[in-house]
2 protein chains.
Amino acid sequence: MVDTPAPHTSPDRPEPEDRAPGRRRRDAAATRQAILDAAVTAFTRYGYDGVGVRDIAQRAGVTAMLINRYFGSKEGLFAEAADAAFAPRSVITGTGAELAGETARTLAARTAPEAEELGPFLLMLRSAANPAAAKIMREAIGRHPGRHLTEELPGAGAGARAELILAVQAGVWLMRSILGTTALAEEDPAELARRIESLFQVLVTPETDAPPAGGRGVE
Amino acid sequence: MVDTPAPHTSPDRPEPEDRAPGRRRRDAAATRQAILDAAVTAFTRYGYDGVGVRDIAQRAGVTAMLINRYFGSKEGLFAEAADAAFAPRSVITGTGAELAGETARTLAARTAPEAEELGPFLLMLRSAANPAAAKIMREAIGRHPGRHLTEELPGAGAGARAELILAVQAGVWLMRSILGTTALAEEDPAELARRIESLFQVLVTPETDAPPAGGRGVE
DNA sequence: ACTCGATGTCTACAGTTGTAGACCTAGTTC
DNA sequence: GAACTAGGTCTACAACTGTAGACATCGAGT
């Protein structure tokens with residue numbers, strides 16, 4: 001908090017984009033985005049209840065109160081952060097016949113012990129304890145990967161199968177990245193990817209060989 | 001906190017087991033157990049960081065400090081609670097050829113929207129954000145359902161396949177009970193159970209090593 | 001009857017939390 | 001160059017956290 005004999009009085013700055021590193025120009029949109037980025041990272045690493053708004057604000061180079069100014073509340077910030085985390089189509093890779101294999105390999109790679117990557121499933125798992133956060137994430141999932149995946153899957157019951165694919169992914173992230181259970185950590189990556197692909201394959205398939213005359217309409 | 005014109009001076013009580021309801025006799029073991037029970041319930045409902053020791057103590061009818069007396073710290077209490085939650089063989093039901101089907105049906109039933117049951121996976125998911133809790137749970141899982149399931153599975157890579165079964169279970173609990181995603185909530189329970197059984201079937205099978213072409217072993 | 005250890009409670013502390021309201025300041029416009 | 005507003009900060013508060021240490025009390029052994 002030792003304040004500012006800093007490059008504060010630089011008189012003319014024709015490029016507002018690159019200031020002194022970390023010191024942002026007064027730009028509401030950029031500041032908002034910086035807060036949002038910091039929030040996604042922090043929520044992913046520590047979960048909704050695991051970070052305070054002060055932490056996030058500091059990472060964004062602002063004060064805690066600015067978060068409430070821009071996002072209304074911590075919960076409002078989390079809602080936008082969750083949406084931003086799930087919006088990119090990164091958890092479902094590949095389409096059509098390649099979806100199961102591609103997604104499985106991506107999952108295995110991203111949850112490998114050495115690759116400490118962030119991702120929406122970590123945000124989800126580490127924030128699941130909070131009911132308000134859970135509701136927000138349910139909606140974000142429904143809006144983004146749930147819908148995307150449902151459209152991608154053929155046949156009846158696509159919604160439930162899509163959510164099961166997400167469930168498998170969440171479970172693998174949990175066991176492998178968060179808990180770090182031993183057997184999954186030591187498993188051969190290629191074999192693990194094949195195994196997960198088999199699971200996805202089951203869920204991509206429209207209908208299991210159920211008891212006959214299952215009355216559920218297959219389109 | 002209006003205190004006690006309570007039945008406090010009842011002079012002779014030949015049955016120490018049934019006192020006034022809620023008021024326990026001075027019995028270290030019983031009190032310890034009451035705290036542990038309350039802890040399992042509270043941690044399952046709200047997660048490690050979601051409950052305070054005061055809450056747990058109150059549910060057990062004691063003071064917060066007694067928890068530290070008996071369990072050393074909140075973390076120590078959680079370690080015993082997690083162990084107690086995972087020790088009973090409730091998440092893997094059935095053996096041998098019936099394991100996949102039984103476990104799948106149990107899972108589908110326990111995560112149904114109407115059945116608001118508690119269970120170790122809820123404790124796990126809602127406490128996953130805390131690294132100390134995560135480590136404790138990894139060990140508890142390795143000690144109980146992980147080991148149990150690994151012994152139950154035939155063939156090579158049993159450990160990894162066991163942990164994948166647990167991953168699938170955790171994912172289903174997450175999506176269905178904690179998030180409450182819509183498609184899984186509305187899915188026909190029997191169909192859901194069949195679908196999950198197919199997943200478990202893949203993981204019970206010792207070796208897939210088949211390229212994705214149609215090779216799921218449904219009996 | 002009376003002590004004495006086991007069992008349990010009280011008070012307190014040093015932090016941290018989310019956020020409300022008052023305040024300051026930079027950058028632009030007249 | 002002075003005023004005005006958008007952009008940001010400061011101070012404060014009330015509630016809550018885990019736990020340390022001193023204190024109280026029950027109930028049994030003598």
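These are my notes on how the protein meets DNA strand C in this predicted model.

**Entry 1: who sits around the strand**
I looked up which residues surround DNA strand C and got 23 of them. The closest are A:Asn68 and A:Lys74 from chain A, plus B:Thr31, B:Thr63 and B:Tyr70 from chain B. I then sorted the residues of this surface by type: 9 are charged, 8 nonpolar and 6 polar.

**Entry 2: which helices take part**
Chain A brings in helix 2 (53–60) and helix 3 (64–71), while chain B brings in helix 1 (28–46) and helix 3 (64–71); each supplies at least two residues. Helix 3 of chain B has the largest share, with 4 residues.

**Entry 3: backbone or bases?**
Next I checked the strand's own atoms within 4 Å of the protein: 57% belong to sugar or phosphate, and the rest to bases. Then I picked out some single contacts. The side chain of B:Thr31 has an N or O atom 2.7 Å from a phosphate oxygen. For B:Arg26, a side-chain N or O atom is 2.8 Å from a base oxygen. With B:Arg54 the partner is a base nitrogen, 3.4 Å away.

**Entry 4: a closer look at helix 3 of chain B**
Which residues of this helix are buried? I found B:Ala64, B:Ile67 and B:Phe71. They lie on the same side of the helix, because they cover an arc of only 45 degrees around its axis. Their cover includes helix 1, helix 2 (53–60) and helix 4 (74–86) of chain B. On the face turned away from the buried side I noted the exposed residues B:Met65 and B:Arg69. After the helix comes B:Gly72, with a positive phi near 85 degrees.

Note on methods. Residues numbered from 1 in each chain as written. Chains lettered and ligands numbered in written order. Predicted model: local features only at pLDDT ≥ 70, side-chain atom pairs only at ≥ 80, totals over all residues. Heavy atoms only, no water. Near = heavy atom within 4 Å. Polar contact = N/O pair within 3.5 Å; in protein donor to acceptor, adjacent residues only side chain to side chain. Nonpolar A, V, L, I, M, F, W, Y, C, P; charged D, E, K, R; others polar. Buried < 20%, exposed > 50% of the residue type's maximum accessible area, 1.4 Å probe, protein only. Arc of directions from axis to C-beta. Contact = heavy atoms within 4.5 Å.
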